[in-house]
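Student: Could you take me through one part of this protein slowly, and then show me how to read some other parts in the same way? I would like to learn what to look for.

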Amino acid sequence: MDQSSSNQTAFWIWYPGDFEIRLHEKLSVKRRSRGVMYPAFWRLDRHYSNIIFRYTYDLPQEEQIKITSDGTFSLILDGKDNARFNDSVVTLPAGHHEILVCVFNDVEAPALFIEGSHIRTDSSWEVSSYQNDWLPAASWTFDSPENRPSQFRLDVTPKEPASEELRDDHPFLDFGRETFGYLQFHNLKGAGSVNIYYGESIAEAISPGECYSLDQFDATEAGSRAKDGIYTLEDANAFRYVWIHADAGVSWDRISMLYEYVPLTYQGSFECSDPKLNEIYEMGLYTLHLNTREFFLDGIKRDFWVWSGDAYQAFLMNYYSFFDLDVTRRTLIALRGKDPLVRHMNTILDYSLYWFISLQDYYLYTGDLEFIKQYYDRAVSMMEFCLKQRNEEGFLEGRPQDWVFVDWADLNNTGAVSTIQLLLVRSLEAMRTFARLLGDQTATDSYEKLAQEIKAKTFELFWDEEKGGLLHHRIDGVTQPMLTKHASMFAMSYNYLTPEQRDSVVRQVLLNPDVPKIRTPYMRFHEMGVLCEAGQHRQVLQEILSYWGGMISLGATTFWEEYDPSLTDDAHYSMYGVAFGKSLCHAWGAGPVYLFGKYFLGVTPTSPGYETYQIRPNLGGLEHMKGTVPTGKGLISVEVDLTTIRVHSTHGKGSFVIESSELPECTNGIVRSIGSDCYELTIEAGESYVISYKANSLI
């Protein structure tokens, strides 16, 4: 390598994916149910314990380097066994030479950090797991000997309770809203036991025998471990309320907490004429932020795991809010894990398919082809694993050991499920895109052919003309008469329907009260999206106000895993047969963050990395709205009322589509008619546009 092009900063390096896989392993056993470990019930992959790095250099004179490793190491010069070193400081000879550095660590992911005037570890190094797999070494922001990958921790900041009172002579603290972190006891004194009962609701916190999360410690022992007069509990918990029972001999001055979080920049924004919708949006952002941690989690109390279907939605919400790609990449890597595959992601058939679609979305929103290249081989092997489960008709079916989820609903998912087939088609289309980008024409053609065949057969055997949608499943070659919304929603979202079929799905499926309703925010995410695609923005806003607003009216400060308006009192908090088993802070509950950005502000990338994009705002009956959407390389700002639109973008070229009952006017752009009451304006980066128009009464 030409040393003049080397990085000026050294970084820790490791085998690609191993930092994320080890981090995922550690996180996946952090969940506690009443103080007892509750590990994830799927295989947790491990890092490679024995790896080797290589680097070739040319130096005009000898150079001294300093070596730090996470694990034991040996440096080999020019492959000579009698030229091995394990000193922390090594002098490298001048000239053209190859360095090999072996690192072993069976506890944490092996990693290497080398500092020198010209030779430094960074992504220009290569690494192998001794399987003929030389790859560019992975690195991130770890840039000092002390700041090593194995010591990665989230940030913390002190928080005080909003109020404190006595309940049955025991301190009861309210931190004002749902939060996550470590309780702290200031100036803890005395001897005896302290029992802590956490609650996302008051009812949970005051139920010592039923609350999901609790802690217990001995005051004498805890006092001996206090630092600067503060005892911090070892485990973090999700809670809003805390009820503390202590023996008579125990006292403290006050209780606070360390809030644990990922520092995020709130790049996306939304504000409109309806204060309740503004509150829903802000609560959605907070819900998403709490679940944006080492990875995108499903919930911060339960399950505290990385689920592919949940992450699929969190990725999309993230693109319209924080646009944090570090958490995104970590989550995609951790979910995929390593070969050989014997079970589906999270044991769920549909969750394996969501991973392909999430990877395609990642490329669309970021344009990051290098990441796709790095994980293409694992995508290929995973698709091969999925395709082996096709039945004699060519449909993908769950095996006895598989969980075919689709949704929390009364669904019979035996046989070939239509929703699964459409997710498979979309996944094959993603693989077609990746193969084409990497120049593999044979694979491109194969994935395309298979996608078209499965899509055609799905509509041939599942579409019901009379019922106007796709039937749910097919058993032993016979399509069952059950009609649900799920498959038709995905078909519409993925643009698989003809105009006639779209009209039929909207009228006879989506808006049909006789078709079973969707109860969870998980599938309401998709339902609200396709209703917007059908032009039902007014109804969507009413549904958001009713459904998400309904949670707020019950005192929610973050959005829940499930909400059933028919329930009363504490029945809202139970799930899975557990009194307080429902998660009251669930990432998939934050769907309005995505809906407002994509379907109301109307911003969507039309080529990778927002090089081109479309803006098609829809007020949905609102008087005005404004907001920003991050693009990774900048921001798109949109402000709309009934007569005026203001638009500004800092990157890419956009197509702004306006629905107006008369020809719009724009002083610095040419407005073109593209149909009945529909107009288009080209948006150039760095330009600001003010458009006068007359809002269509239906908007």
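Student: Is helix α15 (residues 592–600) mostly covered or mostly open, and how many of its residues are buried?

Tutor: Happy to help! Keep in mind that this is a predicted model. Helix α15 spans residues 592–600 and is mostly covered, with nine of its nine residues buried. The buried residues of α15 are Pro 592, Val 593, Tyr 594, Leu 595, Phe 596, Gly 597, Lys 598, Tyr 599 and Phe 600. Notice that Lys 598 is on that list alongside Val 593 and Leu 595. After α15 comes Gly 602, whose phi is positive, near 80 degrees.

Now let us look at some pairs of helices. Start with α13 (residues 521–533) and α14 (residues 537–553), whose axes come within 8 Å and cross at roughly 160 degrees. Because angles over 145 degrees count as roughly antiparallel, α13 is roughly antiparallel to α14. Their crossing is left-handed. On the α13 side, the contact is made by Pro 521, Arg 524, Met 528, Leu 531 and Cys 532. On the α14 side, the residues are His 537, Gln 539, Val 540, Glu 543, Tyr 547 and Trp 548. Sorted by class, the contact of α13 with α14 has seven nonpolar, two polar and two charged residues.

One residue in that contact, Cys 532, leads to another topic. What about disulfides? The structure holds zero disulfides. Cys 272 is in no disulfide, and the nearest cysteine sulfur, that of Cys 532, is 13 Å away. Looking from the other end, Cys 532 is in no disulfide either, and the nearest cysteine sulfur to Cys 532 is that of Cys 272, 13 Å away. A disulfide needs a pair of cysteine sulfur atoms within 2.5 Å, so the 13 Å between these sulfurs rules out a disulfide for this pair. As for cover, Cys 272 is buried, with a relative accessible area of 5%, and Cys 532 is buried, with a value of 4%.

You can read α9 (residues 418–437) and α10 (residues 441–462) by the steps we used above. These two helices pack at an angle of about 160 degrees, with their axes 8 Å apart. They are therefore roughly antiparallel to each other, and the crossing of α9 and α10 is left-handed. Many residues of α9 take part, among them Leu 422, Leu 424, Val 425, Leu 428, Glu 429 and Arg 432. Their partners in α10 include Tyr 447, Glu 448, Leu 450, Ile 454, Lys 455 and Phe 459. The residues of the contact of α9 with α10 divide into 13 nonpolar, four polar and five charged.

A further pair is α11 (residues 486–493) with α12 (residues 499–510), which pack at an angle of about 150 degrees with their axes 11 Å apart. These helices, α11 and α12, are therefore roughly antiparallel to each other, and their crossing is left-handed. Here Ser 488, Met 489 and Met 492 in α11 meet Arg 502, Val 505, Val 506, Val 509 and Leu 510 in α12. By class, the contact of α11 with α12 has six nonpolar residues, one polar and one charged.

Loops deserve a look too. Glu 294 sits in the loop between α4 (275–290) and α5 (308–319). At 8% relative accessibility, Glu 294 counts as buried, because buried means under 20%. Setting aside neighbours within four places in sequence, the residues in contact with Glu 294 are Leu 23, Leu 27, Lys 30, Phe 152, Leu 154, Val 262, Val 327 and Arg 330. Glu 108, in the loop between β9 (95–104) and β10 (111–115), also counts as buried, at 15% relative accessibility. With neighbours within four places in sequence again left out, Glu 108 is in contact with Arg 22, Lys 26, His 47 and Ser 150.

Let us finish with two glycines. Gly 477 lies in the loop between β26 (473–475) and β27 (478–479) and is partly exposed, with a relative accessible area of 34%. Its C-alpha is separated by 8.9 Å from that of Ala 416, 61 residues apart along the chain. Gly 621, in the loop between β29 (612–615) and β30 (624–630), is partly exposed as well, with a relative accessible area of 41%. Gly 621 and Ser 213 are 408 residues apart in sequence and 43 Å apart in space, C-alpha to C-alpha.

Conventions:
Residues numbered from 1 in each chain as written. Predicted model: local features only at pLDDT ≥ 70, side-chain atom pairs only at ≥ 80, totals over all residues. Heavy atoms only, no water. Buried < 20%, exposed > 50% of the residue type's maximum accessible area, 1.4 Å probe, protein only. Helix = DSSP H or I, 4+ residues; strand = E, 2+ residues; numbered from the N terminus. Axes fitted to C-alpha atoms, helices over the stretch in contact; angles between N-to-C directions. Parallel < 35°, antiparallel > 145°, perpendicular 65-115°, else oblique. Left-handed = near helix turned anticlockwise from the far one by under 90°. Contact = heavy atoms within 4.5 Å. Nonpolar A, V, L, I, M, F, W, Y, C, P; charged D, E, K, R; others polar.
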